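This report looks at aromatic rings, one helix and the cysteines of the structure shown here.

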Amino acid sequence: MIKTIAKKLSVFVLALSLLLMSAVQFSADSYLVSKDGFYYLIENSEAVIYGYDYNNRTTDIVVPNTISDYPVTKIAPRAFSNNTKLTSISFTDAMSLKSIGKYAFYACSSIEEIIIPGWLNSIGEFAFQDCTALKSVSIYSNVSVIPEQAFGNCISLEKINIPSTVKSIGSYAFYNCSALTELTLSKNIADIVNGAFYNCPNLTLYGYYDTVAESYAEQNNIPFVHLDKKVISGDVNLDGKIDINDVTLLQRYIAGESVLTDDAVKAADFNKDRIIDIIDATAIQTFIAHGQN
C-alpha cells in the first residue's frame, strides 16, 4: 500500500513539475508529447526533446528524426542531465537535429562514446561535463565553437577530434581531462580561452607554426608538436640555412629549369612582393654577402 501511494505521488510530482514548466516557459501554441520515455515540446512546427521519464530511464537512446510528423531539431538544456543509467546515445537517425542545449548530458556518468554528426550546428555550454566514463568523442559537424566546460571533468576521455570548422575553444572546455594525451588543432582556431586545457597533465597539442594553438601551448607550458616546417625566408631549398645553393636553385626556377614546392615559393619571395624574380635572387645574395645568415 505504501509503495503504491509512493509511486502515485512520484507520478503526481512529475506531472506537476511539467505543468509548472509549461506555465513558465511554453507559449500558447506549445504542448507536450510523451513517447518512448521522452517528453517532447512541440512548438513552431518543430519538436524539442525536453526530458525523459525518470522512472523509466533507458540505457540506450536513439534520437529520432521526427515525432508526430514534426522534425526533432533540438535537445533542450538539461534534457538528460544526471541520467546515470544512460550508456549510449545515437544521433544517426536524427538528421533534423541542429543543436544540443546547455547541460544536456551533464553528469551522464555511464556514457562511453559520443559521435556528433555532420548536420549538428552547435553544442551548448557544459553539455557533456562530468561524463566521467566518456572515452571517445568524434565530431563530424560544422560546429564553430567548443564552448565553456563542454567536456570538463571527463576524466576518462582519451580521444577527441576537433574539426577544422572550430574557431574558438571556450574556458575550461577540457579541464581535468587527465586521460587525454593528444589533440590536433587546426590553423583556423582564432581563440583559445585561458584555462581551456586546465589540469590536463598528460596532454600534447599538435598544430602549426605561428598559430594561436602554438602560442597557447607556449604560454601554458603544454608540449607542442609541429605538423609543418617553419619556412625561413630565403631558404629556397628548405634545408634550414640560407646559402649560395638557395640562390642557384632560385635562378634555375626563374629560368624555368626547376620546380618549387609551395613552401619553397614562399621562401623564395624574399622581398615579399608576391613576385618571384631576379630581384629576390639578388636580395638573397646580398643577405649572404653581409654575413646575416
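Contact is taken to mean heavy atoms within 4.5 Å. In this predicted model, what covers the buried residues of helix α5 includes α3 (244-254) and α4 (262-268). The buried residues in question are Asp-280, Ala-281, Ile-284 and Phe-287, and they lie on the same side of α5, because the arc they cover around the axis is only 120°. An α-helix has 3.6 residues a turn, so residues three or four places apart point the same way. The length of α5 (residues 278-289) can be checked as well: at 1.5 Å a residue its 12 residues should span 16 Å, and the end C-alpha atoms are indeed 16 Å apart, which agrees. After α5 comes Gly-291, which has a positive phi, near 65°.

Turning to the aromatic rings, a search of the whole structure finds 15 aromatic pairs. Two stacked pairs that involve Phe-151 are set out below.

| Pair | Centre to centre | Angle between the planes |
|---|---|---|
| Phe-128 and Phe-151 | 5.5 Å | 5° |
| Phe-151 and Phe-174 | 5.6 Å | 10° |

The pair of Phe-128 and Phe-151 links distant parts of the chain, since Phe-128 lies in the loop between β10 (122-123) and β11 (136-139) and Phe-151 in the loop between β12 (145-146) and β13 (159-160), 23 residues apart. Phe-174 lies in the loop between β14 (168-169) and β15 (182-184), so its pair with Phe-151, from the loop between β12 and β13, ties together parts that are 23 residues apart in sequence. Both Phe-128 and Phe-151 are buried, and Phe-174 is buried too. These three residues belong to a cluster linked by ring pairs, whose members also include Phe-38, Tyr-40, Tyr-52, Phe-80, Phe-91, Phe-105, Phe-197 and Tyr-216.

Charged groups sit over rings as well: the charged end of Arg-78 is placed over the ring of Tyr-103, 4.0 Å from its centre, while that of Lys-187 is placed over the ring of Tyr-208, 4.9 Å from its centre.

How many disulfides does the structure hold? The structure holds zero. Cys-131 is in no disulfide, and the nearest cysteine sulfur to it, that of Cys-154, is 5.3 Å away, whereas a disulfide would need the two sulfur atoms within 2.5 Å. Cys-154 is likewise in no disulfide, its nearest cysteine sulfur being that of Cys-131. Cys-131 is buried, with a relative accessible area of 1%, and Cys-154 also counts as buried, at 0% relative accessibility.

Definitions and conventions: Residues are numbered from 1 along each chain as its sequence is written. This is a predicted model: local features need pLDDT of at least 70, side-chain atom pairs count only at pLDDT 80 or more; totals for chains, interfaces and linings use all residues. Side-chain values use heavy atoms; hydrogens and water are left out. Rings of Phe, Tyr and Trp (its six-membered ring) pair if their centres lie within 6.5 Å; planes under 30 degrees apart count as stacked, over 60 as edge-to-face and the rest as tilted. Helices (H or I, at least four residues) and strands (E, at least two) are DSSP runs, numbered from the N terminus. Buried means under 20% relative accessible area, exposed over 50%, partly exposed in between (1.4 Å probe, protein chains only). A charge sits over a ring if NZ of Lys or CZ of Arg is within 6 Å of the ring centre and within 35 degrees of the ring normal. The expected span of a helix is 1.5 Å times one less than its number of residues. The arc is that of the directions from the helix axis to the C-beta atoms.
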